[in-house]
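Visitor: I am new to this one. Please show me the chain, and then let me ask about its parts.

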Amino acid sequence: MTIATVVLAAASFALFLVVFPVLARRLLGVRVGVIRTFLTGAVAVGGVLVFSTVIRTPERSGLLMGLQMGCALLLAMGFLAVTDMVFPSDSAGPAVGWLRALRSRVARARRYAQISGIAVRHGLRPYLRGRGIDRGGSEAAGAGRATALLARPLRLALEEGGPTFVKLGQVLATRHDLLPPAFISELSRLHYQVPPEPAERIAQQLHTEFGRPPEEVFASYDPEPLAAASIAQVHLARLHSGERVVVKVQRPGVRPGVERDLDIIRRIARLLETRAHWARTLGMIELAEGFSASVREELDFRIEARNLTTVRAAWEQRKADTSVVIPDTHEELSGELVLVLQELPGKPISADDALAAASPAAQADLARALLGNLLTQILSDGTFHADPHPGNILLLDDGRVGLVDFGSVGRLDGQVRTALRRFLMAVDHADSAALCDALLDLVTRPEEIDEQGLERSLGRFMARHFTPGAVPDVKVFVDLFRVVSQHGLGIPPEVAAVFRALATLEGTLSRLSPGFDIVAESRTWAVRQFTSQAGYASTGSSTQNELYSALSVLRRLPRRLDRVTSALEAGRLAVNVRLFADSRDRRYFRALVHEILLTCLAATLGLMAVILLHTTGGPMVTRSIRLFEMLGYHLLVISGVLCLRIVFAIFRAQR
């Protein structure tokens, strides 16, 4: 073997090692890393060598070179398709990150084993496998009893699962729209006592964030935490200017554990939706994604600082009531892991002695101010405190109310705020038709809906809770969510956050002022605000409601009417219907036609190959190979490539 032959063989090997993976990737439409590309090329070159060994005759090896290359390409595509099914290419990172991903998978598997053990110990395994709740027909009553019995084991399992799962349970405890009362009552008892982090580790965290010891940043710093939670803890300090501040510090190393648990929660949610009907009914994946996004925001204190700045700007713009205050942010000292805030001297209303000095009248005034402030945030500002539980509400030493912990906020656009206003006005005037219209603007509508049935259900709902003599309470939200669920309506996350915040606030206000009627006070506040803003306070109540509902339409009506009449006068009035005007429709149609054409082409080529292989006549290319036979084998390979491409595309689309 000469040197030239060796060099030529090496060059051919390197060429095939690159060309085959590139062609296979392009034909399948996948992006893979360096290692998988190299392995694909090695498999293809191995296929070429095998075919060259099988076909020994020089004349055959030359004439059937295209067949050899085609079979090697088919082999490379099959290898890529199989490996992508086992290890999806969109989840694989660069080769340098494989070791890190392996360590992450090992840690996740260990955590999976812990969670599975907790679930088995508390008898939750049948529910995680899709059984236990999915009963029907004559077993409906038994399913109801099973639901009640499941609540306590679920609460105990979440409590044992750690801070992330406890926080998930606390969020679920506010979802009256999703869970039965037995779950809400049991999950509301979730508490997680977290021991404080050692002072040395917190000091090191502050040193890392500030670039210097905390003793140099603050004139004084208390190493004993004021409060400790699962993600962060709070310390008191004093600036060199003399101002007292609160320092919120994230626990060192908490992020990897929380991220791992959030990933496990999302995976469990996907698994439950595929196995259990009750999980699909609750929208488990959407719930898990929303929870993960909320917790991730709490891991970055810069988001909370921006939330505080946004809320404060809105308050200053509308000159908000000074009876409710929020702390200032010291942005120059705040970052991703540390947040420095103005100290609001006072006690959370969850403390036993917080309300001892306030008279019942003063407590009612504070509750009324807090409710009005949150409703203003929701309906006017569009950015509101989404977690107003008693621990986040302070009764200050000067008699005012303080709002803290803006890590979780809700945001509403103008259309949702307008629908919420109309919703409150319809409730105030007991107008079920207007309430139905407002509700349909708030929720996600299915393709078919019985609007008359929904309106009747809302009429019964209002007769049950808003007739003279009725005393509305938090059950209003439970019944409303039940009506929404019965008619197949979906509540968007931002709207669910509004009702969740109001339901949480109801418990807070009941503690702040026992006997406080949140529904009646909300109706009074809505009438006072909306009538004064719209400028028709002297008109009748029904006229107010109708005028307010039609106000946005009336503003646009003159311009639209002028355009229509002008076009009609000029003879230019026409109806333009454009097929496939939406780019998503065009992409879907093109992809569908493309797959159909590929399928037809693959079937045609396969049929032609079979016919050619069974044809006995035709010219001879060599002494033993006919032209039709050679063409048949090549067409068969091309048909196999196209079939593999189609099957792989279908698999990826389903995944």
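Guide: Helices here are DSSP runs of at least four residues, strands are runs of at least two, and both are numbered from the N terminus. Keep in mind that this is a predicted model.

Visitor: How many helices and strands are there in the chain?
Guide: Both kinds of element occur in the chain. The strands number eleven. The helices number 25.

Visitor: Of the 655 residues, what share counts as buried?
Guide: A residue is buried when its relative accessible area is under 20%. Among the 655 residues of the chain, the share that passes this test is 42%.

Visitor: Why is strand S6 described as largely enclosed?
Guide: Strand S6 covers residues 338–342. It is largely enclosed by the rest of the structure because of its count of buried residues, which is four of the five.

Visitor: Which strand pairs with S6 over five bridges?
Guide: The pairing runs in the antiparallel sense. In it, leucine 339 of S6 has lysine 248 opposite. The partner, at residues 244–250, is strand S4.

Visitor: Do the buried residues of H14 line one face or lie scattered around the helix, and what arc do they fall within?
Guide: Helix H14 takes in residues 284–299 and reaches 23 Å from first C-alpha to last, close to the expected 22 Å. Its buried residues are Met284, Leu287, Ala288, Phe291, Ser292, Val295 and Leu299. Seen down the axis of H14, these line one face of the helix, because they fall within an arc of 130°.

Visitor: Is glutamate 273 buried or exposed?
Guide: Glutamate 273 has its place in helix H12, residues 254–275. The cut-off for burial is under 20% relative accessible area. Glutamate 273 has 19% relative accessibility, so it counts as buried.

Visitor: Which residue has the backbone nitrogen that the side chain of glutamate 273 reaches?
Guide: The distance is 3.0 Å, and a polar contact needs N or O atoms within 3.5 Å. The backbone nitrogen belongs to isoleucine 285.

Visitor: Which are the edge strands of the open sheet of four strands?
Guide: The sheet has mixed pairing and the order S5-S10-S9-S7. An edge strand here pairs on one side only. That describes strands S5 (324–325) and S7 (346–348).

Visitor: Which residue in S10 stands opposite leucine 394?
Guide: Strand S9, residues 393–396, and strand S10, residues 401–403, run antiparallel. Three bridges join them. Opposite leucine 394, in S10, stands glycine 402.

Key: Residues are numbered from 1 along each chain as its sequence is written. This is a predicted model: local features need pLDDT of at least 70, side-chain atom pairs count only at pLDDT 80 or more; totals for chains, interfaces and linings use all residues. Side-chain values use heavy atoms; hydrogens and water are left out. Buried means under 20% relative accessible area, exposed over 50%, partly exposed in between (1.4 Å probe, protein chains only). Two strands pair if DSSP finds at least two bridges between them. The expected span of a helix is 1.5 Å times one less than its number of residues. The arc is that of the directions from the helix axis to the C-beta atoms. A polar contact is a pair of N or O atoms within 3.5 Å; within protein, one must be able to donate a hydrogen and the other to accept it, and residues adjacent in sequence count only if both atoms are side-chain atoms.
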